[in-house]
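Reader: Hey, got a minute to walk me through this one? I'd like to start with the surface and then go to the strands.
Author: Sure, pull it up.

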Amino acid sequence: MFTAITQSQIYVLDQDEARTFYVDVLGLDLHTDTDLGLMRWLTVTAPGEPGRQILLEKPGPPSMDESTAEQVRELVTKGAMGGWLMLTTDDCHATYEKLLAKGVEFTDEPTEKPYGVDCGLRDPFGNRIRFGQLYTPSG
């Protein structure tokens, strides 16, 4: 049976802008950035976790025709594609302040929850990103 989740995908409208946001602003590691001919394969990982990649995919061929890609791009812009990421941090408040200083626009400030502290933001394309400092279950 399956042993791991190695790659997940979200749509972005500009892969150069996505690379800058995810690597330079959020601090994720660039894993792969290569032209496959049919598409640009651009993946990032959490630092120290190279086995789980996020594919930053621009809607278009070969997975869809141009008409469908245009519709998907409109939905991504509206934040209606349902794509989202959940990242973990050791200190939600400190990460929030660091990203706020870099100009990141947040949808939610750090808030205490039963499972930890978390907050939310959107990437430049409308994808929802949450990050949290999760409590470790005891017992």
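Reader: L134 first. Is it buried, partly exposed or exposed?
Author: This is a predicted model, and in it L134 is partly exposed, at a relative accessible area of 41%. L134 belongs to strand β8, residues 128–134.

Reader: Which residues form the nonpolar patch with it?
Author: W84, M86 and Y115 join L134 there, and together the four have about 390 Å² of accessible area.

Reader: OK, the sheet. What's the strand order?
Author: β5-β8-β7-β6, an open sheet with mixed pairing. β5 (84–88) and β6 stand at the edges; each has a single partner strand, so one side of each lacks a neighbour in the sheet. On average, neighbouring strands are turned by 15° against each other, ignoring direction.

Reader: How many bridges between β7 and β8?
Author: Seven, in the antiparallel sense. C119 sits opposite F131 in β8.

Reader: And β6 with β7?
Author: Also antiparallel, with five bridges. They make a hairpin with two residues between the strands, and E112 faces V117 in β7.

Reader: Which helix lies across β6, β7 and β8?
Author: α3, residues 92–101, running at about 165° to β6.

Reader: Switching topic: T43, buried or exposed?
Author: T43 is buried, because its relative accessible area is 1%, under the 20% cut-off. Its strand is β3, residues 40–45.

Reader: What is T43 in contact with, leaving aside neighbours within four places in sequence?
Author: D29, L30, H31 and T32, plus Q53, I54 and L55.

Methods:
Residues are numbered from 1 along each chain as its sequence is written. This is a predicted model: local features need pLDDT of at least 70, side-chain atom pairs count only at pLDDT 80 or more; totals for chains, interfaces and linings use all residues. Side-chain values use heavy atoms; hydrogens and water are left out. Two strands pair if DSSP finds at least two bridges between them. Helices (H or I, at least four residues) and strands (E, at least two) are DSSP runs, numbered from the N terminus. Buried means under 20% relative accessible area, exposed over 50%, partly exposed in between (1.4 Å probe, protein chains only). Contact means heavy atoms within 4.5 Å. Patches are made of residues with over 30% relative accessible area and no salt bridge: like charges are joined within 9 Å, nonpolar side chains (Val, Leu, Ile, Met, Phe, Trp, Tyr) within 5 Å. Accessible areas come from the Shrake-Rupley method with a 1.4 Å probe; for residues, only the protein chains shown count as cover. A salt bridge is a side-chain nitrogen of Lys or Arg within 4 Å of a carboxyl oxygen of Asp or Glu. Axes are lines fitted to C-alpha atoms, for helices over the stretch in contact, and angles run from 0 to 180 degrees between N-to-C directions.
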